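The following exercises, each with a worked solution, introduce a protein structure step by step. Please consult the sequence and the model while reading.

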Amino acid sequence: MSTNLPGPKGSFLLGSLKPFAVDLLNFLTTTRREYGDFVHFKLATVDSYLVSRPHLIRQVLVTDQDKFIKNQNFWKHFKSLFGLGLITNEHQSWRVHRKLSAPAFQPKRIANYADFMVGYTKEMLGHWENNAEVDLHDEMMEVTAKIVAKALFDAELGEHNEQLLDAMHTIEGMIPTRMMRPFAWQDALPLPSNIKYSKALRKLNQLVEGFIQHHKAQEAQGNESNSLLSVLMQARYEDGSRLPNKQLRDEVITLFLAGHDTTAITLSWTFYLLSQHPEKLTLVEEELERVLAGRDPGWDDLKTLSYTRSVIKETLRLYPAAHLIGRETTEDVELDGVKIKKGATVLMSPWVMGRDAEYFDDPLSFKPERWTPEFEKSLPKGVYFPFSAGPRVCIGEGFAMMEAVLLLAVIAKEYRLECVDRDEVEPFASITLVPKRGVKMRAIRRSEHNAQPDYQFKEQLA
Ligand code: HEM
């Protein structure tokens, strides 16, 4: 059994931690290119592997998944945030809570959310002005936060909107720094950034506790709710008991965080890519006109809006919001004859795999039309996994795809978005793949756009 895998040697004490922390996307891309599809390196003292063979990715995520847990070196920094919510929970406790959460994400339940997804998006468009600049990423973060809050609590955020978004913003802003710290104790140092983070977390806990109490009061008055929280509140353990408040809090915060910035990011990248490929945007617009004939989209249209859906799939290939999935071995594991010791880190990257020329023709080109049913069938399992795979596959996949398609449809029906400065748009690998400096767009009302066929031409004349 050989353990002589190729890989960057890195420095004596830190291994490859520095290039990994400084520019993760570059590290992943060059490591794959220079050392191949099964690479070994050290992150500080931890043996780490970048695995880019589809059958091995499947082995880790699906067939041998019980020999792995989430990568503790990474998640240790977020224990106080997510607690034992689905993303960070493990073993039997994870199995129990995943089962109890599943009913909340059944298609017949999430179908009810289509109307307010469309409603909030139209409300957002109501504030846009023709020809004005919008920071699309900010807009997407806000509207997806409102949507997930409504789905979770069946409540408008109202006066809590600003406070919740502020707390989230502070916490999300600290994630890149925290995730690159080698030691968890660094998070407890009395640094201004840590103090700010703790304050934001206290605020978040307080707001979520308020939502839970409000829900309980409504329930006590016999008011039925269609919210995700109410499904969790109705869930019962085998002994008939309910989820304690702390567990509800952990699940809700997890769903809130996992469920809004991933979808917001995906939409930001979608509109960015469409702005760079106006001919593909025209195909989206044509499909919207054909299928919707001017009316709002809804749940029943999702199957028919196949090109619009392919646009989202193609975006998730090129800019997967979850760009890196990590696991830690709980026992010695063999991957293609190589012994991976207990406690090692195994990394699999949807970013790397989605750009591999072996599986995607002309991989860096944006080609939504590649996503035919035949192509999907022919793609080896373990190549395209923006929502992961196996038992820990994203529980919100259906929710996210519905939201992304509906929001794209509602916005593209009304506006053409043109990128103000494409050089400014650059991916940054935090916990998710964010556009580093946002995505500034000029929003041009489609009726105006059609009346003035070439906006850029008009600008040149001015
Ligand atoms: C485009 C949007 C989304 C993407 C790309 C995405 C991606 C992912 C990925 C890759 C994982 C697995 C992580 C791992 O195994 O380490 C995951 C897990 C999860 N996602 Fe999503 N997600 C999205 C939207 C959502 C939404 C809308 C929700 C909820 C409303 C959600 C809730 C969760 C939860 C709770 C988990 C943990 C599941 C478990 O371990 O049992 N996600 N997501």
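**Exercise 1.** Determine whether H91 is buried or exposed.

Solution. H91 has 10 C-beta neighbours inside 10 Å, and therefore counts as exposed. The cut-offs are these: a residue is buried if 20 or more other C-beta atoms lie within 10 Å of its own, exposed if 12 or fewer, and partly exposed in between, with C-beta atoms placed from the backbone. The residue belongs to helix 6, residues 91-101. Helices (H or I, at least four residues) and strands (E, at least two) are DSSP runs, numbered from the N terminus. Although H91 is not a glycine, its phi is positive, at about 55°.

Two conventions apply throughout. Residues are numbered from 1 along each chain as its sequence is written. The model is predicted: local features need pLDDT of at least 70, side-chain atom pairs count only at pLDDT 80 or more, and totals for chains, interfaces and linings use all residues.

**Exercise 2.** Locate D362 and classify its exposure.

Solution. First, D362 is placed in the loop between helix 16 (350-354) and helix 17 (373-378). Next, its 9 C-beta neighbours inside 10 Å are counted, so D362 is exposed. Finally, the backbone is examined: D362 is not a glycine, yet has a positive phi of about 50°.

**Exercise 3.** Describe the sheet that contains strand 4, strand 12 and strand 9.

Solution. Step one is the order: three strands form an open sheet, 4-12-9, with antiparallel pairing. Strand 4 (133-135) and strand 9 (415-419) are the edges; each has a single partner strand, so one side of each lacks a neighbour in the sheet. Two strands pair if DSSP finds at least two bridges between them. Step two is the twist: on average, neighbouring strands here are turned by 40° against each other, direction ignored. Axes are lines fitted to C-alpha atoms, for helices over the stretch in contact, and angles run from 0 to 180 degrees between N-to-C directions. Step three is the pairing of strand 4 with strand 12 (residues 440-445), which are joined by three bridges. Within strand 12, K440 stands opposite D135. Step four is the packing: helix 13 touches strand 9 and strand 12, and its direction makes about 80° with that of strand 9. Contact requires C-beta atoms, placed from the backbone, within 7 Å.

**Exercise 4.** State the strand order of the five-stranded open sheet and trace its pairings.

Solution. The order is 1-2-8-5-3, and the pairing is mixed. At the edges are strand 1 (38-43) and strand 3 (68-70), each pairing on one side only. Strand 2 (residues 46-51) runs parallel to strand 8 (residues 345-348), with three bridges between them; Y49 stands opposite V346. Strand 5 runs antiparallel to strand 8, joined by four bridges, and E328 stands opposite T345. Strand 3 and strand 5 are also antiparallel, with three bridges; K70 has R327 as its bridge partner. Strand 5 (residues 325-329) is mostly covered, with four of its five residues buried.

**Exercise 5.** Which residues are closest to the ligand, and which helix gives the most to the shell around it?

Solution. The ligand is surrounded by 24 residues, the closest being G259, T262, A322, C394 and G396. Helix 13 gives the most, seven residues. Helix 13 (245-276) and helix 18 each supply at least two. A residue is near a molecule if its C-beta atom, placed from the backbone, lies within 6 Å of it. Helix 18 (residues 397-414) has 14 of its 18 residues buried.

Note on methods
The expected span of a helix is 1.5 Å times one less than its number of residues. Two residues are in contact if their C-beta atoms, placed from the backbone, lie within 7 Å.
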